Each structure stands twice: as C-alpha cells, then as structure tokens.
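Subject: Structure handover

Hi,

Here is the structure for you to look through. My notes come after it.

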Amino acid sequence: MAEVVCVTGANGFIGSWLTRTLLEDSRYTSIHASIFPGSDPSHLFTLHPDAQTRIKVFEVDILDAASVSRAIDGCTGVFHVASPCTLEDPQDPQKELVLPAVQGTLNVLEASKRFNVKRVVVTSSISALVPNPNWPPNKPFDESSWTDLEFCKSREKWYPVSKTLAEKAAWEFAEKNGLDVVSIHPATCLGPLLQAQLNASCAVLQKLLQGSPDTQEHYWLGAVHVKDAAKAQVLIFETPKASGRYLCTNGIYQFSDFAKRVSRLYPDFPVHSFPTVTQPGLMACENAAKRLIDLGFVFTPIEDAVREAAESLMAKGFLKKP
Ligand SMILES: NC(=O)c1ccc[n+]([C@@H]2O[C@H](COP(=O)([O-])OP(=O)(O)OC[C@H]3O[C@@H](n4cnc5c(N)ncnc54)[C@H](OP(=O)(O)O)[C@@H]3O)[C@@H](O)[C@H]2O)c1
C-alpha cells in the first residue's frame, strides 16, 4: 500500500538517514520533509534517484502549529524527529530546549490527530530513560526506566529534561486522544554524516578521538549505528503489534569500554584512558534492545558505526589525522 509520511527534522543527522531509508522502499511514494525555516535540505535530494519526485520540503518551525499542520496534511504516518539535540549548556533551557521539545511534540500530535494519521513514531532517547539513580542495582536498564527529572534539574542537565518531558506529554496526549504513538529510544547514534553540519552524537566521537576526558557520565548507555536507528523507526511504524517504548542500542556498557574499542580501531589517535567505571552502577547487557530484537531486528556491529563515523568526520574536515 502506498504511504505518504512526514519526517520532522528531515535534514538533521537521524532525519536524513530516516529519509534515505524511506526512499529505499518504493511503498513510501511521498515523503513530507519538514525542515527548520531557512535550513538547507539540498543533501536530501542526493540520497536516491527518485528523491526529486518523492520528497516534498516544508519549512516548519515546530513551534508554529499552522506550519506543522501543513506538513502533516495528507499523511498516513508521521516520524517526529525534530527536537533540539545538544549536550552544550543552554543559556535559557526552557526556551532553547524544553519548549521546542514539548510544545513541538504536542503540535505534531495535534496535527496528526486532526488528519487521522494512523501512527506517529516519536524519536525519544535513552535520555528519557537515564539518568535514573533509583534504578535497582545489578539490573540492566530497560524501557521501564524513566529519567529522574529532579536529579537532572539539580545538575542542570537540560537535554534529558527536555526529552523526558516531551515524551511524557506525548503519552498523555496519546492516551487522552486515542492516537497511536510508539516511541524509539536511540543510544548515541554514529555513522556517516549525510548532512553538512556536525551533530551532537558524532561530536562525542570527534572529541573522544581528539583526546577529550569527558566521560559522558549522564548521557551514555551505549551506541548504535544511525542507519539502525532509522531502520528501527520504520520497523515499529510498519509492525501493527508494535506499541510503547523501544530501546535502540547495540548493547549497554560503560563509556570507558567504548573508548577502548575506539582506541583499538584508531591507535594513532590520542584517545583518553578512562577509569574502568565511567557510569557508576551501570549494568552491562549485550541484548539490551530485547523488544526490537524480538521483532527480528539485527544490529550492525558498533565497530562499523565508529569506523564509518570517523571516516566521515575526516572526509568532511571535522577531524584531522594526528
Ligand atoms: N543523535 C543521537 O545520538 C540521538 C540519540 C537519541 C535521540 N536522538 C533524538 O533524535 C532527534 C534528531 O537528533 P539528531 O541527532 O538527528 O540531531 P540534529 O542533526 O541536530 O537534528 C535535529 C533536527 O531538529 C530540528 N529542529 C530543532 N529545533 C527545531 C524547531 N524549533 N523547529 C523545527 N525543527 C527543529 C533541527 O533543525 P536545524 O538543525 O535546521 O535547526 C534538526 O533538523 C532528536 O529528537 C534527538 O533528541 C538523537
């Protein structure tokens, strides 16, 4: 059956991979690519031979309900990806992070309800699951965990606050209005950058390869290839029985373990040597994304994601060989 779908934040890192994944399936006859007004969508048209005819660009500030509505009109499915994604400290957390995340989500859901969209896939994050200091020790994190808002606010970790409040608002809206919503919770996404700008998760790898001692203490569970994050979103859109939250990570492990694996792949780079425990209490788990695995999902090895991201960072001039 032909599908017309909307992708918000279509020209960002994950949005571009999602758009590419949808283009590779001819059932998605038209993709409404919602992009921030004035931002550049040109790379989307290089992703597939049919991109010119199947992508329709809509300039949408996610806070402007009327423009959100125009992008979603006529769609059978919506992938709500757009949300400020930065781990830098904001000057005005409410205005820069929380409002666009929460009100943006509500605007997307309101329009989806109005146009009878059959399912909305919300791109949440592991940052709506962790940090959660009250999680039982010795138990690997799963989809039943929620980020502790007071813990984050007291430490001024505003990105997890924005993602958690946005997702809570989404579930409340879905319940009240009978809208079919599913959420995906990617860990740190890595892979080739299709877009021109450096995004926050690839910057984590860039900084690690440049010698940064940042442990990502509150922002880390594991990593996933960005193409898997895109494919998993399409899978949960297409699977009728899919419901609720889907953790999307190729394993849970310490950031120090990740750094070791990166250092093995790139021994010439000055990767910092971390203490063994960078995420106190984090229980390692290989098949942590059990709900996706149970749907038949197979993850790409993380070494591939690291290699492809690092090569892309170098090719685009974001990382220099030592
Ligand atoms: N990358 C990861 O590791 C990761 C992991 C888990 C979850 N996520 C989630 O995945 C989503 C995409 O992240 P990403 O990594 O692809 O980051 P990204 O490249 O920065 O993409 C974010 C997108 O949202 C758009 N956006 C932000 N504010 C907007 C607004 N007010 N109106 C319209 N568009 C707006 C951005 O547009 P402009 O750039 O043009 O402003 C951009 O296209 C976010 O919801 C993020 O929380 C990412």
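Below are the findings, starting with the ground rules.

This is a predicted model: local features need pLDDT of at least 70, side-chain atom pairs count only at pLDDT 80 or more, and totals for chains, interfaces and linings use all residues. Residues are numbered from 1 along each chain as its sequence is written. Helices (H or I, at least four residues) and strands (E, at least two) are DSSP runs, numbered from the N terminus.

The ligand

The ligand is surrounded by 27 residues. A residue is near the ligand if its C-beta atom, placed from the backbone, lies within 6 Å of it. The closest are Gly9, Gly12, Ser39, Ser83 and Ser201. Three elements give two or more residues to this shell: α1 (13-23), α4 (93-114) and β7 (188-190). The largest share, three residues, comes from α1. By type, the shell holds 13 nonpolar, 12 polar and two charged residues. Here Ala, Val, Leu, Ile, Met, Phe, Trp, Tyr, Cys and Pro count as nonpolar, Asp, Glu, Lys and Arg as charged, and the others, Gly among them, as polar.

The sheet

Seven strands form an open sheet with parallel pairing. Their order is β3-β2-β1-β4-β5-β6-β9. Two strands pair if DSSP finds at least two bridges between them. The edge strands, β3 (55-59) and β9 (244-248), each pair on one side only. From one strand to the next, the twist averages 20°. Axes are lines fitted to C-alpha atoms, for helices over the stretch in contact, and angles run from 0 to 180 degrees between N-to-C directions.

At one edge, β2 (residues 28-35) runs parallel to β3 and is joined to it by five bridges. Ile31 has Ile55 in β3 as its bridge partner.

Strand β6 (residues 181-186) is mostly covered, with six of its six residues buried. Buried means that 20 or more other C-beta atoms lie within 10 Å of the residue's own; exposed means 12 or fewer, and partly exposed is in between, with C-beta atoms placed from the backbone. Side chains in a regular strand alternate between the two faces of the sheet. In β6, Val181, Ser183 and His185 point one way, while Val182, Ile184 and Pro186 point the other way. Four bridges pair β6 with β5 (residues 119-123) in the parallel sense. One of the partners is Ser183, opposite Val122. Five bridges join β6 to β9, also in parallel. There, Val182 stands opposite Gly244.

Helix α9

Which residues of α9 (residues 255-265) are buried? They are Phe255, Phe258, Ala259 and Val262. Seen down the helix axis, they fall within an arc of 100°, so they line one face of α9. That arc is taken over the directions from the helix axis to the C-beta atoms. These buried residues pack against α7 (200-209), β8 (223-225) and α11 (302-315). Contact means C-beta atoms, placed from the backbone, within 7 Å.

Backbone points to check

Most residues other than glycine have a negative phi, and most peptide bonds are trans. The peptide bond from Val130 to Pro131 is cis, with omega near 0°. Pro131 is in the loop between β5 and α5 (149-154).

Asn116 is not a glycine, yet its phi is positive, about 55°. Asn116 lies in the loop between α4 and β5. This residue is exposed, with 9 other C-beta atoms within 10 Å.

Glu156 also has a positive phi of about 55°. Glu156 sits in the loop between α5 and α6 (158-177). Glu156 is exposed, with 10 other C-beta atoms within 10 Å.

Best wishes

Methods. Two residues are in contact if their C-beta atoms, placed from the backbone, lie within 7 Å.
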